[in-house]
Amino acid sequence: MMTERFIITAEWTFLEGRFQKGIALLVSGGRIEGVLDRSDARFLGRYLPFLEYSGEYMLLPAFVDAHCHLHAYGIDLYRPSLEGFSSLRDVLEYIRNFVSEREKKLYVFVDFDQSRWKEGRLPSRAELDRVAPNRPVILRRVCGHVAVGNSRALELLPEGVDGVDRDTGVMVEDVPLNLERYFPPDEREIEEGILRGQREYMKLGVASVHEFGSPRTFRIYRKLEREGKLNLRVYHSFYRRYLGALAEAGLSTGFGSIHLRIGGIKAFADGSVGARTAAFFEPYEGTDASGILLLNSEEIEELVRGAENAGFQVIIHAIGDRAIEEVLEGFRKALSTGNPLRHRIEHFEFPLERSIGAARELEIYLSVQPNFVARWGREGGMYENFLGEKRWRRNNPFRTLCESGLKVAFGSDSMPPSPFLGLSGAMRHPVESERLEAERAISLYTEGGALFSFEEDIKGKLSEGYLADLLILKGRPDSDPGDLKVIDLYIGGKKAEGEGIGEA
Ligand SMILES: [Zn+2]
């Protein structure tokens, strides 16, 4: 158990945006009381506990993941994954066995990716009925925007739900994205999901997350906080349909504690590239479809005005160039005096040059996912296959965004949660001129998210008065991000212990 006041030091400290030697931190009451010269620290260390990580260790602010789905990710960890299958035939066989061996109310299989299967196509309702005739079964694609259900699962859906083809069993957008709403997990599942997700994030050196949910998930977070079980710091945003109720209760962005705060209002302007539902001006390669625009600029304008009246940040998912343009147009109509509520666009993956200019002019905050580049942004990868030779290279222009003076934060979207994968995506962008150096990438994964939740004065940096959310990594400033190891994580000066944390 950590004592209240201590000194901590490592070979390198990430201070003021770069790695420095000879630094120590004085930690007291969960905050950084002072940034010291190591020699002064040694003197003080005669009177205080002195934690020295000697050898190749680095001390950084703990990561802030500016976009994740913590509870959903945690629930998914208990769900059978279809990642790694290379044929639909094997997948169907796996489902047949799984369902016959375990008694459940509903089976949700996650993370399938038909582009990696020999057959290269989605399964059908009929095929699922053949292997699982008696219980509801749903397969959700890795992107979260597409799912396929068997007949029993489709029976549970009310009539008239958008994006559901009852013949093929394919569901796009609304249902897969809001699976929890249509097929609600019980409270215990959510609670277990949060605790499991929290553990996994802490293992990766993350102390703060921007999470998305409903009043119900918020209530469960609140319960865990009261019980002293919420160790992470959670900025909890709500889906759009809850704006009215939240505003009615007088709640707004920023309300809460240093462990659980009310975030913004989240809406979707399009889908994903992997599901070919992200909205572009030009069609996807080899098709005449160019995605689905879910909100137009008038709807966005209305949303922004309503949220502004209630004091809420607006957080809009937009991936394709067309969706991004539409969202910016909506912001332009709604905003007249800058962007004090720090409204954000999430993903902003394929902006046109003019959109980057517009985002800057409107001072829109951009929450981006560098791990997407690592996963899909390689030569011959999914972006190239789906979007074609010219367009795919426009993906995630991180350096251009930063150098345009835009506010940028890194997050994972929990696909998967590792900040190290994200750092390496940013540092090895397929377009060399869009690569970021390690220091800048780390800043976007720490200070970045803190700024987006209005917490730049208390977290994301190692400075006097800041929360002692500290991360010790084994490695050197020039190490490959994939080789870095999480040694210890301190949240509010308290060392995280237990399962898998700090086992190097
Ligand atoms: Zn997301």
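# Reading sheets, cores and loops in a predicted model

Guide: Start with one packing contact. Helix 3 (residues 88-101) lies across strand 7 and strand 8. Helix 3 runs at about 150° to strand 7. Keep in mind that this is a predicted model.

Visitor: Which sheet holds strand 7, and in what order do its strands come?

Guide: Read a sheet as an ordered list of neighbours. Here 4 strands form an open sheet in the order 7-8-9-10, with mixed pairing. Strand 7 (107-112) and strand 10 (170-172) have a single partner strand each, so one side of each is left without a neighbour in the sheet. On average, neighbouring strands of this sheet are turned by 20° against each other, direction ignored.

Visitor: How many bridges join strand 8 to strand 9, and do they run parallel or antiparallel?

Guide: There are 3 bridges between strand 8 (residues 137-141) and strand 9 (residues 146-149), and the two run antiparallel. For a residue-level register, take R140: A147 in strand 9 stands opposite.

Visitor: What do strand 1 and strand 2 form?

Guide: A hairpin, with 2 residues between the strands. In the turn, E16 has a positive phi of about 50°. Strand 1 (residues 5-15) and strand 2 (residues 18-21) are antiparallel and joined by 4 bridges. One of the pairs is L15 with R18.

Visitor: Now the parallel sheet. What is the order of its 8 strands?

Guide: The order is 6-11-12-13-14-15-16-17, in an open sheet with parallel pairing. Strand 6 (63-65) and strand 17 (408-410) are the edges, and each pairs on one side only. The average turn between neighbouring strands of this sheet is 25°, direction ignored.

Visitor: Which helix packs on this sheet and touches strand 13 and strand 14?

Guide: Helix 11 (residues 297-310) does, touching strand 13 (260-268) and strand 14 (314-318). The direction of helix 11 makes about 155° with that of strand 14. Helix 12 (residues 321-334) lies across strand 14 and strand 15. Helix 12 also runs at about 155° to strand 14.

Visitor: And the register between strand 15 and strand 16? What is the bridge partner of E346?

Guide: S367, in strand 16. Strand 15 (residues 344-347) and strand 16 (residues 365-368) run parallel, joined by 3 bridges. For side chains, there is a general pattern: in a regular strand they alternate between the two faces of the sheet.

Visitor: On to cores. Which residues have the most contacts inside the largest nonpolar core?

Guide: The general idea comes first. In soluble globular proteins, nonpolar side chains tend to be buried together. In this model, the largest nonpolar core has 87 residues, and L328, F331, I345, F348, I364 and F410 have the most contacts inside it. Helix 12 gives this core its largest share, 6 residues. At least three residues come from each of domain 1 (5-61 + 465-495) and domain 3 (187-452).

Visitor: What is F348 in contact with, leaving aside neighbours within four places in sequence?

Guide: The contacts of F348 are A318, I324, L328, S355, I356, A359, L366, V368 and L401. There is also a second, separate core of 22 residues. F85, L88, V99 and V146 are among its members.

Visitor: Into which domains is the chain divided?

Guide: Domain 1 (5-61 + 465-495), domain 2 (73-182) and domain 3 (187-452). Domain 1 is written as two segments. The C-alpha centres of domain 1 and domain 2 are 46 Å apart. A record offers another division: an unreviewed UniProt entry annotates residues 58-479 as "domain: Amidohydrolase". That span is 38% helix and 17% strand, and its end C-alpha atoms lie 11 Å apart.

Visitor: Loops last. Is T253 buried or exposed?

Guide: Compare the relative accessibility with the cut-off: buried means under 20%. T253 counts as buried because its value is 15%. T253 lies in the loop between helix 10 (243-248) and strand 13. Beyond four places in sequence, T253 touches Y235, I262, G263, G264, G311, F312, Q313 and F454. T253 and F312 are 59 residues apart in sequence, yet 5.0 Å apart C-alpha to C-alpha.

Visitor: Where does N178 lie?

Guide: In the loop between helix 6 (174-177) and helix 7 (179-182). N178 is buried too, with a relative accessible area of 12%. Not counting residues up to four places away in sequence, N178 touches E173 and R241.

Definitions and conventions:
Residues are numbered from 1 along each chain as its sequence is written. This is a predicted model: local features need pLDDT of at least 70, side-chain atom pairs count only at pLDDT 80 or more; totals for chains, interfaces and linings use all residues. Side-chain values use heavy atoms; hydrogens and water are left out. UniProt positions are given in the numbering used here, feature names are shortened, and annotations may be inferred rather than shown by experiment. Two strands pair if DSSP finds at least two bridges between them. Axes are lines fitted to C-alpha atoms, for helices over the stretch in contact, and angles run from 0 to 180 degrees between N-to-C directions. Contact means heavy atoms within 4.5 Å. A nonpolar core is a set of buried Ala, Val, Leu, Ile, Met, Phe, Trp, Tyr and Cys residues joined through side-chain atoms within 4.5 Å. Buried means under 20% relative accessible area, exposed over 50%, partly exposed in between (1.4 Å probe, protein chains only). Domain bounds come from an automatic or database domain assignment.
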